[in-house]
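This report describes one protein chain for a reader who has not met it before. The chain is shown first, and the text then goes through its parts.

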Amino acid sequence: MIAFSGISKQYGRQVLFVDAAFQLNPGEKVGLVGPNGAGKTTIFRMITGEEQPDEGEVSVPRKLSIGYFRQDVEEMSGRSVLDEAIAGSGRLGDLHHELESLQHAMSDPEKADEMDTILARFGEVQEEYDHLGGYALESRTREILHGLGFDDERIDGDVGALSGGWKMRVAMARVLLSDPDVLLMDEPTNHLDIESIIWLEAFLKQRQGSLLMTSHDREFMNRIVSK
């Protein structure tokens with residue numbers, strides 16, 4: 001599935017890898033262990049293509065979908081928590097938001113001249129959305145957000161009003177909702193309380209796709225990974 005061969009990487013005088021090899025196979029759940037600065041995040045970034053090795057080859061199949069939960073969270077504002085989470089669910093998220101904008105356009109008197117085009121597009125988008133299981137998307141999103149500690153009031157509230165720690169949970173919900181072939185998780189328990197950690201452990205155990213994760217919580221990681 002994902003293979004590293006002959007990888008060398010260094011930053012200035014700091015050598016991280018010399019002729020390193022590694023493989024992540026379909027369905028495997030793997031823990032990546034090492035002290036701070038050993039290059040764990042660099043491995044994630046080479047898998048996603050954000051960094052390149054100095055030497056060697058990183059092989060990632062072109063059609064493979066990868067979800068990456070990282071420690072730096074992007075700015076979030078102007079949406080509800082629910083919509084922000086849905087926005088990360090790939091094609092379904094795109095269709096969900098296009099349907100919303102088309103519904104607004106249909107009720108806009110200034111767009112009366114374009115109504116035939118808008119209605120035709122609405123029909124196309126709605127058909128694809130339904131075919132991909134879009135109408136179960138909101139309930140699935142709420143289920144994941146509940147698991148990560150959100151109540152309904154917060155889910156329907158402004159994402160911009162959340163603290164950094166709660167925005168990290170929204171970012172995690174986006175990645176989990178996208179259900180990628182390979183899930184990369186960099187310290188997923190950092191901003192979670194004990195109930196959310198228990199829920200996340202159960203969620204990751206039952207997932208069918210591959211998982212590569214780091215965590216300072218060794219017991220949590222050991223209960224999930226097999227390698």
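## Helices H3 and H4

Helix H3 (residues 91–106) and helix H4 (residues 115–131) have axes that come within 10 Å and cross at roughly 150°. H3 is therefore roughly antiparallel to H4. The crossing of H3 and H4 is left-handed. In H3, the residues Arg91, Leu92, Leu95, His96, Glu98, Leu99, Leu102, Gln103, Ala105 and Met106 take part, and they meet Met115, Ile118, Leu119, Arg121, Phe122, Val125, Gln126, Glu128 and Tyr129 in H4. By class, the residues of this contact are 12 nonpolar, three polar and four charged.

The terms used here have set meanings. Axes are lines fitted to C-alpha atoms, for helices over the stretch in contact, and angles run from 0 to 180 degrees between N-to-C directions. Angles under 35 degrees count as roughly parallel, over 145 as roughly antiparallel, 65 to 115 as roughly perpendicular and the rest as oblique. Contact means heavy atoms within 4.5 Å.

The model is predicted: local features need pLDDT of at least 70 and side-chain atom pairs count only at pLDDT 80 or more, while totals for chains, interfaces and linings use all residues. Residues are numbered from 1 along each chain as its sequence is written, and side-chain values use heavy atoms, with hydrogens and water left out.

## His96

His96 belongs to helix H3. It is buried, with a relative accessible area of 11%; buried means under 20% relative accessible area, exposed over 50%, and partly exposed in between (1.4 Å probe, protein chains only). The side chains of His96 and Tyr129 are joined by a polar contact of 3.1 Å. Leaving aside residues up to four places away in sequence, His96 touches Asp83, Ile86, Tyr129 and Leu137.

## Helices H5 and H8

The axes of helix H5 (residues 137–147) and H8 come within 8 Å, crossing at roughly 130°. H5 and H8 are therefore oblique to each other. Glu143, Ile144 and Gly147 of H5 make the contact with Ser196, Trp199 and Phe203 of H8. The contact of H5 with H8 has three nonpolar, two polar and one charged residues.

## Helix H1

The buried residues of helix H1 (residues 40–48) are Lys40, Thr42, Ile43, Phe44, Met46 and Ile47. Their cover includes strands S1 (2–11), S2 (14–24), S4 (55–59), S5 (66–69), S6 and S7 (210–214). Gly49 follows H1 and has a positive phi, near 85°.

## Two residues with positive phi

Most residues other than glycine have a negative phi. The table lists two non-glycine residues whose phi is positive.

| Residue | Phi | Loop | Relative accessible area |
|---|---|---|---|
| Asp179 | about 45° | between helix H7 (164–178) and strand S6 (182–186) | 53%, exposed |
| Glu187 | near 50° | between S6 and helix H8 (194–206) | 16%, buried |

## The whole chain

How many helices and strands does the chain have? Its secondary structure comes to nine helices and seven strands; helices (H or I, at least four residues) and strands (E, at least two) are DSSP runs, numbered from the N terminus. Along its principal axes, the C-alpha trace spans about 65 × 40 × 35 Å. Of the 227 residues, 44% count as buried. Among contacts between residues at least 6 apart in sequence, 66% join residues at least 24 apart.

Conventions
Left-handed = near helix turned anticlockwise from the far one by under 90°. Nonpolar A, V, L, I, M, F, W, Y, C, P; charged D, E, K, R; others polar. Polar contact = N/O pair within 3.5 Å; in protein donor to acceptor, adjacent residues only side chain to side chain.
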